[in-house]
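Opened this one up today to get my bearings. I wanted the overall fold first, then whatever caught my eye.

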Amino acid sequence: MYRHMIALRQVARRSICSSAPRQVENKVPQKQKHFQEDNGMPVHLKGGSADALLYRTTMALTVLGAGYVVYELVKASFPQKKD
């Protein structure tokens with residue numbers, strides 16, 4: 001059992017410490033330039049087609065949810081008569 005714990009510790013240490021440091025390109029200035037340019041498009045849609053799809057899906061779910069709430073309120077305000 002103790003042997004397995006030592007092996008697990010070595011594997012964990014190896015995966016964290018032995019990774020070579022990578023140089024990551026800083027993309028923040030490019031993103032800032034893209035999102036701050038004045039092209040008449042709202043900032044929440046400047047990310048491309050994925051943002052537009054998320055926006056439309058959110059709006060559709062909001063409208064459907066609001067409609068369902070109104071339906072349930074109307075249904076609750078006029079209870080069915082028991083015969």
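My notes go from the whole chain down to single residues.

**Overall.** I kept in mind that this is a predicted model. I looked up the secondary structure and found three helices and zero strands. Reading from the N terminus, I get α-α-α.

**Surface.** I checked how much of the chain is covered: of its 83 residues, 1% count as buried. The exposed area comes to about 8,400 Å². Carbon and sulfur atoms supply 63% of that area.

**Nonpolar patch.** Which residues make the nonpolar surface patch of about 540 Å²? I noted Met-1, Tyr-2, Met-5 and Leu-8. I followed up on Leu-8, which sits in helix H1, residues 2-17. Its relative accessible area is 55%, and I call Leu-8 exposed because the cut-off for that is over 50%.

**Lys-46.** Next I went to the loop between helix H2 (28-36) and helix H3 (49-77), where Lys-46 lies. Is Lys-46 buried or exposed? I have it down as buried, yet without a salt bridge. I looked for a partner, and the nearest side chain of opposite charge is Glu-37, 6.0 Å away. A salt bridge would need the charged atoms within 4 Å, so Glu-37 does not qualify.

**Neighbours of Lys-46.** I listed what Lys-46 touches, leaving out residues up to four places away in sequence. His-34, Phe-35, Gln-36 and Glu-37 are among them, and so are Asn-39, Met-41 and Asp-51.

Definitions and conventions:
Residues are numbered from 1 along each chain as its sequence is written. This is a predicted model: local features need pLDDT of at least 70, side-chain atom pairs count only at pLDDT 80 or more; totals for chains, interfaces and linings use all residues. Side-chain values use heavy atoms; hydrogens and water are left out. Helices (H or I, at least four residues) and strands (E, at least two) are DSSP runs, numbered from the N terminus. Buried means under 20% relative accessible area, exposed over 50%, partly exposed in between (1.4 Å probe, protein chains only). Lys and Arg count as positive and Asp and Glu as negative; His and the chain ends are not counted. Contact means heavy atoms within 4.5 Å. Patches are made of residues with over 30% relative accessible area and no salt bridge: like charges are joined within 9 Å, nonpolar side chains (Val, Leu, Ile, Met, Phe, Trp, Tyr) within 5 Å. Accessible areas come from the Shrake-Rupley method with a 1.4 Å probe; for residues, only the protein chains shown count as cover.
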